Amino acid sequence: MAARQDTTVIRIKQPDHNTRRTLLCLGFCGGGTGPYHAWSEHVPEDVALSAICYPGREGRFLEPCASDWEELAADTTSAVLSAVDGPYVLFGHSMGGWMAFDVASRIESSGGPLPEALVVSSCNAPDRGLTPRDMFPARQDSDAQLLDWMLGNGLMPAHVLEDPDLQDMAVELMREDIRVRDTFGYRAGTAVSVPVQMLSATDDDVIEKDAGDQWSRVALGPYRHDVLPGGHFYTPDIWRQLPVHITALTASMAPAPA
């Protein structure tokens, strides 16, 4: 399918010749497409890299933000389908992991073009439903607390740090995403049949310790769980090179080593 407007499907890297598959990334809470741009240096030469921009930010700044999870999931599913023109791997981090799972399940239910693999990162399994542990950062946090969270997790690019007005906008977008996240509801019985890889970090205190085991409940096909160094966003070096840990880009979804 042809991609919709470039403000929604951000094509970060296109191979010069034949594209074997595309790594298609979804945003996390408070994040845009920017954090994925550095990945262009770490995907295989024949793999394209794209990211979906949610409404209300970046090139879609003039559009209203989604009012709830259902609205954002429907928008994101439409965007993913518009971007698909061959084999693809769907990736989501944190809240984006739940969104990637939801989108993949919606596409599967409708008989649409499924991803070769679903890769979820730093998130609890969605069938637990929304718990207080998932609601972090929280809607009651002050602007200063949200800013500290974003700074501590590397979510503030240099040009934003240098501009108080851009910082205010970034905090407001974080609040909009928190509001949407807090309306998430797991649809009973939902699972995916595509191969699933779950990535988690050794020192992540946001998700539960057994998150890797949790995800096997909603993965009907091949499943693997890999643990990497760092906190919720790994270490800066690991995050920058995260595509090298995505098995579906380079090999089959074989079980993780014991």
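## Strands and how they pair

Two strands pair if DSSP finds at least two bridges between them. With that in mind, look at β4 and β5 in this predicted model: five bridges join these two strands, which run parallel. One of the matches places G92 opposite V120, its bridge partner in β5.

In general, the strands of a sheet pair through backbone hydrogen bonds, in either a parallel or an antiparallel sense.

## The whole sheet

Now let us step back. The sheet is open and has seven strands, in the order β1-β3-β2-β4-β5-β6-β7, and its pairing is mixed. Strands β1 (9–13) and β7 (223–228) stand at the edges, and each has a single partner strand, so one side of each is left without a neighbour in the sheet. On average, neighbouring strands of this sheet are turned by 20° against each other, if direction is ignored.

At the β7 edge, the partner is β6 (residues 196–201), joined to β7 by six bridges, and these two strands run parallel. To find one of these matches in the structure, look for S200, whose bridge partner in β7 is V227.

## Strand β4, a covered strand

Strand β4 also pairs with β2, in the parallel sense and over five bridges. Here L23 stands opposite V89 of β4.

Are the residues of β4 buried or exposed? This strand is mostly covered, with six of its six residues buried. Their side chains can be sorted by direction: Y88, L90 and G92 point one way from β4, while V89, F91 and H93 point the other way, and all are buried.

## Helices α1 and α2

Which strands does helix α2 lie across? Helix α2 (residues 95–110) lies across β2 (21–26), β4 (88–93) and β5 (117–121), and runs at about 145° to β4.

Helix α2 also has a helix partner. Two packed helices are described by the angle between their axes and the distance between the axes. For α1 (residues 69–83) and α2, the axes come within 9 Å and cross at roughly 65°. That makes α1 roughly perpendicular to α2, because angles of 65 to 115 degrees count as roughly perpendicular. The crossing of these two helices is right-handed.

Which residues meet there? From α1 come W69, E70, L72, A73, A74, T76, T77, V80 and L81, and they meet M95, W98, M99, D102, V103, R106 and I107 in α2. The residues of this contact divide into eleven nonpolar, two polar and three charged.

How values were computed:
Residues numbered from 1 in each chain as written. Predicted model: local features only at pLDDT ≥ 70, side-chain atom pairs only at ≥ 80, totals over all residues. Heavy atoms only, no water. Helix = DSSP H or I, 4+ residues; strand = E, 2+ residues; numbered from the N terminus. Axes fitted to C-alpha atoms, helices over the stretch in contact; angles between N-to-C directions. Contact = heavy atoms within 4.5 Å. Parallel < 35°, antiparallel > 145°, perpendicular 65-115°, else oblique. Left-handed = near helix turned anticlockwise from the far one by under 90°. Nonpolar A, V, L, I, M, F, W, Y, C, P; charged D, E, K, R; others polar. Buried < 20%, exposed > 50% of the residue type's maximum accessible area, 1.4 Å probe, protein only.
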